[in-house]
Amino acid sequence: MALEADVEGQVVAQFDGYRLSLGGYARSVADSLHDLRVGVPLAALASGRPHIRELGPLALRLAKHGLMEFFLKAPRDHEDEVVIEPQTADYWPGTARLGNADVVVLSRFAYMRRRGNAMVLESPRARALFKICDPQIAAAIAALSIPQTVKRLRRNGFNGTELLGLLADCQIIFKVDAGNDAGLRQVEGDENLVFWDFHDLLFHSRSTEGRQANPLGGVYPHLGFAAPLPAVRPAWPGKKIGLRACPEAGSHEPSPLTKLLRERHSTRAFDDDRPITIAELARFLENTARVLSRGPADTDDGATVG
């Protein structure tokens, strides 16, 4: 994505051949667009230098359009450790407060998978996706399948307390009581969440617009990779079997069920002068139930109703 500003201060975002106007801003904002490209600390948008604070409204508008990413950098080499990709238009990074004595565990809806050359952590309940760039962080997150205290995580070398707060805010992890013997399924979320299984909630969220940032509908992502199907389907291979009328096996008389199926028809016109009565309907249902309840010994030709 490219950000540009004209002489009048109108900022335009260009991506995938589209142009999106983001409104007019002060000239200082246009001169500071480079800072957004390389990254601006979130705290600086609220209490940084004036020209950085003025980027705050533009950053919020970019986030509402899904054009902002957030990341955590390693304190030493300043390499990206985690990249946060918003999945909903209202996402803005927030951190839940966690103390050393708090016990946290992964949500049963959270999962990690490979995407390209990176591991991503996501959940159908989360409003953001976390791209894990550090394998040690991925291993530490996997260890959260068992409830652990924040103090123990720090002792084992996990220094990402800020990351834990971000994950808790996205409901990828949640706090549990240390002395609670109840199942984790019952203590996560409200009583309605208990009835949702992992695959049901995942499919529901991924097929619903607004709950994830993936495109929906016929976007044809693999166009040109495989040949399209023919307009007319070729005939199935093998011997053809004609669906001609044939007598019942062992007898020329059809069974009662066959007679019933052949004689049934839909009523397309109604007799307003003589509508069907309840007695006639009851008699029809009784006769139908009698035919369907007959066993093999009651049929004339030995046919079985299954």
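Contact here means that heavy atoms lie within 4.5 Å. Keep that cut-off in mind as you work through this predicted model.

**Exercise 1.** Find which residues Leu 58 is in contact with, leaving aside its neighbours within four places in sequence.

*Solution.* Start by setting those sequence neighbours aside. What remains in contact with Leu 58 is Val 11, Leu 22, Tyr 25, Val 29, Leu 33 and Leu 36. Next, place Leu 58 in its wider setting: the largest nonpolar core has 49 residues, and Leu 58 is listed with Phe 130, Ile 172 and Ile 173 as having the most contacts inside it.

**Exercise 2.** Work out which helix gives the largest share of this core, then list the buried residues of that helix.

*Solution.* First, the helix is H8 (residues 161-169), which supplies 5 residues of the core. Second, the buried residues of H8 are Leu 163, Leu 164, Gly 165, Leu 166, Leu 167 and Ala 168. Finally, look just past the helix: H8 is followed by Gln 171, with a positive phi near 65 degrees.

**Exercise 3.** Describe how helix H11 (residues 256-263) meets helix H12 (residues 278-292).

*Solution.* Begin with the axes, which come within 9 Å and cross at roughly 140 degrees. Angles over 145 degrees would count as roughly antiparallel and 65 to 115 as roughly perpendicular, so H11 is oblique to H12. The crossing is left-handed. Now name the partners: Pro 256, Leu 257 and Leu 260 of H11 make the contact with Thr 288, Val 291 and Leu 292 of H12. Sorted by type, the residues of this contact are 5 nonpolar, 1 polar and no charged.

Conventions. Residues are numbered from 1 along each chain as its sequence is written. This is a predicted model: local features need pLDDT of at least 70, side-chain atom pairs count only at pLDDT 80 or more; totals for chains, interfaces and linings use all residues. Side-chain values use heavy atoms; hydrogens and water are left out. Axes are lines fitted to C-alpha atoms, for helices over the stretch in contact, and angles run from 0 to 180 degrees between N-to-C directions. Helices (H or I, at least four residues) and strands (E, at least two) are DSSP runs, numbered from the N terminus. Angles under 35 degrees count as roughly parallel, over 145 as roughly antiparallel, 65 to 115 as roughly perpendicular and the rest as oblique. A crossing is left-handed if the near helix is turned anticlockwise from the far one by less than a right angle, and right-handed if clockwise. Ala, Val, Leu, Ile, Met, Phe, Trp, Tyr, Cys and Pro count as nonpolar, Asp, Glu, Lys and Arg as charged, and the others, Gly among them, as polar. A nonpolar core is a set of buried Ala, Val, Leu, Ile, Met, Phe, Trp, Tyr and Cys residues joined through side-chain atoms within 4.5 Å. Buried means under 20% relative accessible area, exposed over 50%, partly exposed in between (1.4 Å probe, protein chains only).
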